[in-house]
Amino acid sequence: MKFSQLRAIVAVADRGNFSEAALELQLSQPAISHAIATLEEELGVPLFARGRHGAVLTPAGERILYHARQAMQHLEMMQHEANLHKGLHGGHVRIAAFRSVATHLLPKAIAQFHNQFPEIAVTIIECPAFTDVEQCLRDGRTDIGITCLPTGGEFDTWEIFQDEYLALLPPHTKISSPEITWEDIAAYPPVLLPCTPCGRILHNHLKSLAIPINTASDIQEDSTVVSMVNQGLRAAIMPRLAAVPIPPKVQVYSLPAPLKRVIATAILSNALHVPAVFTFLEMLKKFDFYSLAKSTY
């Protein structure tokens, strides 16, 4: 069934004959006759009774005309939606991010974008970890992802922020020198690490330094880890953005051997996106995430 056939049945029903329908659609009368005849053949029922006084709908034709009008209306709505998404006067952008970015960074960026393009809807999909963000991209459930570098080769990425890993020590900890040592951190076994792929990055870092620290990654929530440190139960190492808000009495130090996770925007290299997605992506690339992150510390 073709769009031209739907247009033909509606035009003939409205005009009452084939010749006027042909004029309305700027087609020849044989073309209209052919469209109706092939539609009748496909459906297996006559749609019009043809006679000296024009074309009159059959009972089956009347019922089918109703559905043809509905189909035409839906097709027009589809085209309207497509036109909105092709421009910047509508559309929808889906962005997936892990919790700390979704909480502390994205709302401000989305608010700035909304001020410029109020008719474009933006949805955040919050994921437990950056590996889940990348899977959302692969599955087509999101247009843009906020992840950590490096990623797989199927993504195009742009760095937007570097998040430092910190050592968090309980409030009453006393260390022997102005700068923290691995021994100071190891004094609180087991030291809590993130229970996410960010924790694996940290494990690999410690392993490369051959640091003998008893660690654990058995707590899911970052806020729970920070609360345990604040109560004097454990020390922890975690990204700054994941730790904030940090209670004022918790002691915060850079690691003896610094480590940062590199946060980046990502899209699938072969994905086809509407202009709204590319416009939002360009805004993310230029957004000052460093200043925003500092304001949360």
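**Exercise 1. Find which residues of helix α13 (residues 289-296) are buried, and where they lie around the helix.**

Step 1. In helix α13, the buried residues are F289, L292 and A293, where buried means under 20% relative accessible area, exposed over 50% and partly exposed in between, with a 1.4 Å probe and protein chains only. Helices are DSSP runs of H or I with at least four residues, strands are runs of E with at least two, and both are numbered from the N terminus.

Step 2. Looking down the axis of α13, the buried residues fall within an arc of 100°, so they line one face of the helix; the arc is taken from the directions that lead from the helix axis to the C-beta atoms. An α-helix has 3.6 residues a turn, so residues three or four places apart point the same way.

Step 3. On the face turned away from the buried side, α13 carries the exposed residues K294 and S295. The buried residues themselves pack against α5, α6 (106-116), β6, α11 and α12 (275-286), with contact meaning heavy atoms within 4.5 Å.

A note on the source: this is a predicted model, in which local features need pLDDT of at least 70 and side-chain atom pairs count only at pLDDT 80 or more, while totals for chains, interfaces and linings use all residues. Residues are numbered from 1 along each chain as its sequence is written, and side-chain values use heavy atoms, with hydrogens and water left out.

**Exercise 2. Compare the span of α12 with the expected one, and locate its buried residues.**

Step 1. Helix α12 has 12 residues and reaches 17 Å from its first C-alpha to its last, which is close to the 16 Å expected at 1.5 Å a residue; the expected span is 1.5 Å times one less than the number of residues.

Step 2. Buried in α12 are A276, V277, F280, L281, M283 and L284. Seen down the axis of α12, these residues fall within an arc of 160°, so they line one face of the helix.

**Exercise 3. Identify the strands that pair with β6, and give the bridge partners.**

Step 1. Strand β6 runs antiparallel to β11 (residues 260-268), and 9 bridges join the two; strands count as paired if DSSP finds at least two bridges between them. The bridge partner of E159 in β11 is A264.

Step 2. Strand β9 is joined to β6 by 4 bridges and runs antiparallel to it, with A167 standing opposite I237 of β9.

Step 3. Strand β10 (residues 251-254) is also antiparallel to β6 and joined to it by 4 bridges, and here L168 stands opposite V252.

**Exercise 4. Trace the salt bridges of D163 and D14, and say which parts of the chain they tie together.**

Step 1. A salt bridge is a side-chain nitrogen of Lys or Arg within 4 Å of a carboxyl oxygen of Asp or Glu, and the structure holds 11 of them.

Step 2. D14 and R69 meet in a salt bridge at 2.5 Å, N to O. Because D14 lies in helix α1 (residues 3-15) and R69 in helix α4 (residues 59-86), the pair ties together parts that are 55 residues apart in sequence.

Step 3. D163 forms a salt bridge with R261, their closest N and O atoms being 2.9 Å apart. D163 lies in strand β6 and R261 in strand β11, so this pair ties together parts 98 residues apart in sequence. Both D163 and R261 are buried.
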